[in-house]
Amino acid sequence: SSNKHKILPKYKIQYTSINDSFHIINKMEPTTSNNEHGIPDPNIQTNINSYNVSTGGDSSDQQQVDPIKSITARLLALRGSPPGTQASISESEIKLLTSRVRPILLSQPMLLELEAPLKICGDVHGQYSDLLRLFEYGGFPPQANYLFLGDYVDRGKQSLEVICLLLCYKIQYPNNFFILRGNHEAAGINRIYGFYDECKRRYSIKLWKIFSDVFNCLPVSALVDEKILCMHGGLSPEMESLQQIADLARPCDVPDVGLMCDLLWSDPDTTVTGWGENDRGVSFVFGADVVCDFLEKHDLDLLVRAHQVVEDGYEFFAGRRLVTLFSAPNYCGEFDNAGGLISVDENLMCSFMILKPSTRSERFATRPSLPSLSSVASNSANLNEIASGMEMGMQQDENDSTVESNSSDSNSNSNSYNDNGNHSENEFVETKLSNKF
């Protein structure tokens, strides 16, 4: 369509049914960086208009991006540094970053219409070292096109580095790099789960409020070549057409109920037929029948969502017509989950890159043990309570802290990695399905 945000390089799509083309790729080799900091080569062909989306000006507007390039370089310079090493960025520079990205986000629709090839990533949750590892293997922008599914902040210790790098790339490559909103990109949630405290400790409460305004401008869903629908959470009983997503107004906070809430909060459930109550206390759970009916009605082939920890970095549902993607390995330092990334090529062939986890013995041999997540609590509080600012006694999101395994629809290679105590944290594993999807 004429309003589609075309990703470069452009390909003429010759669609092959995804039911015949979904497979697991062979082991990926690391992408070779162009310099010691992994900064992309400026000679690589990119969209000549990418810098002008927010200003509508000519090539002289590229001068406005130069400070953003400087911030990017300092963020990428942390490659190889010990986890937790903070970037040297001033508060005024971050404010500049947020002011530049806001009009770009608002200039693009709430439902992004994208073209392959691109790579899709799930939750990152402040794990900046793992984000750099994902880029190292998937390719640093603009060498590869990306779609992130939300939950960039909270839980991990470097939410600021994560969100700042993603916003830098969004400014520099607005037609090649896309970020959706997750349920943690909401003031009522990240006020409680870490991002507010990080902003307050390192900079100011005012900066947290500025980020909250930017989060209110993020899109909530993306459609890849009219066949793959992506969002952070899941489906909604209120959604009759995709146009309803496109019609959602911005900027806005995440409401307690309704379509936007469900897109960011709902979950698939193997024990449910139709719709059911969500243990999170927010939104719904839906069964495989809902997924199949929705895809058939809208002539779609696949749903890609994030929002839940899954052991292998990805997990299928509804006969492999929905996949949950989680990109933060060793989530919160408490789990042995892998991190996943989906690569969609120009023919809509989908493949996985899996970032192996380290073992508990390896992690705790080199750093102090972390407080148990169970000390926070076991279940999520109601969204209304969270938004009202109840900081004490808040219960933790059960599904965010539970590795789901042995699902009837999880992929047949549930043992795609074996915990033998010899994992390298910087190695992608080779996995392969016995049958194509």
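**Note on the predicted model: sheets, helices and cores**

1. **The three-stranded sheet.** One open sheet has three strands in the order β7-β9-β8, and its pairing is mixed. The edge positions go to β7 (267–268) and β8 (275–277). Each has a single partner strand, so one side of each lacks a neighbour in the sheet. β7 and strand β9 (residues 284–286) run parallel and are joined by two bridges. Within this pair, aspartate 267 sits opposite valine 285 of β9.

2. **Status and overall make-up.** Please keep in mind that this is a predicted model. The protein's secondary structure comprises 13 helices and 15 strands. It has 437 residues, of which 57% count as buried. Take the contacts in the protein with a separation of 6 or more: 74% of them link residues 24 or more positions apart.

3. **The six-stranded sheet.** A second open sheet has six strands. Their order is β1-β5-β6-β10-β12-β11, again with mixed pairing. Its edge strands are β1 (111–114) and β11 (314–317), each of which pairs on one side only. From one strand to the next, the twist averages 20°.

4. **The β5–β6 hairpin.** Strands β5 (residues 221–224) and β6 (residues 228–231) pair in the antiparallel sense, over four bridges. Together they form a hairpin with three residues between the strands. In the turn, aspartate 225 has a positive phi of about 50°. Valine 224 has isoleucine 228 of β6 as its bridge partner. Leucine 223 stands opposite leucine 229, also in β6.

5. **β6 from both sides.** On pairing with β10, β6 runs in the parallel sense, over three bridges. Here cysteine 230 has valine 304 of β10 as its bridge partner. Which way do the side chains of β6 point? Ile228 and Cys230 point one way, Leu229 and Met231 the other. All four are buried. That fits the general pattern: in a regular strand, side chains alternate between the two faces of the sheet.

6. **A helix across the sheet.** Helix α11 (residues 288–297) lies across four strands: β6, β10 (302–305), β11 and β12 (322–325). It runs at about 120° to β10.

7. **The largest nonpolar core.** This core has 53 residues. Phe135, Phe148 and Phe211 have the most contacts inside it. Helix α5 (residues 159–172) supplies the largest share, 10 residues. Phenylalanine 135 deserves a look on screen. Neighbours within four places in sequence aside, its contacts are Phe140, Pro141, Tyr146, Phe148, Leu165, Leu166, Tyr169 and Phe177.

8. **A separate core.** Apart from the largest core lies another, of 33 residues. Its members include Leu229, Leu259, Cys261 and Ala318. Leu229 is the β6 residue that stands opposite leucine 223.

9. **Helix α8.** In helix α8 (residues 205–215), the buried residues are Leu207, Trp208, Phe211, Ser212, Val214 and Phe215. Seen down the helix axis, they fall within an arc of 160°, so they line one face of α8. On the other side, Lys206 and Lys209 are exposed. The cover over the buried residues includes α3 (91–107), α5, α6 (187–190) and α7 (195–202). Phe211 is also one of the residues with the most contacts inside the largest core.

10. **Helix α7.** The buried residues here include Phe195, Tyr196, Glu198, Cys199 and Arg202. Viewed down the axis of α7, the buried residues lie within an arc of 165°, so they too line one face of their helix. They pack against α5, α6 and α8.

11. **Cysteines.** How many disulfides does the structure hold? Zero. Cysteine 121 counts as buried because its relative accessibility is 0%. Cysteine 332 has a relative accessible area of 16%. The cut-off for buried is under 20%, so cysteine 332 is buried as well. Cys199 of α7 is buried, and so is Cys230 of β6.

Key:
Residues are numbered from 1 along each chain as its sequence is written. This is a predicted model: local features need pLDDT of at least 70, side-chain atom pairs count only at pLDDT 80 or more; totals for chains, interfaces and linings use all residues. Side-chain values use heavy atoms; hydrogens and water are left out. Two strands pair if DSSP finds at least two bridges between them. Axes are lines fitted to C-alpha atoms, for helices over the stretch in contact, and angles run from 0 to 180 degrees between N-to-C directions. Contact means heavy atoms within 4.5 Å. A nonpolar core is a set of buried Ala, Val, Leu, Ile, Met, Phe, Trp, Tyr and Cys residues joined through side-chain atoms within 4.5 Å. Buried means under 20% relative accessible area, exposed over 50%, partly exposed in between (1.4 Å probe, protein chains only). The arc is that of the directions from the helix axis to the C-beta atoms. A disulfide is a pair of cysteine sulfur atoms within 2.5 Å.
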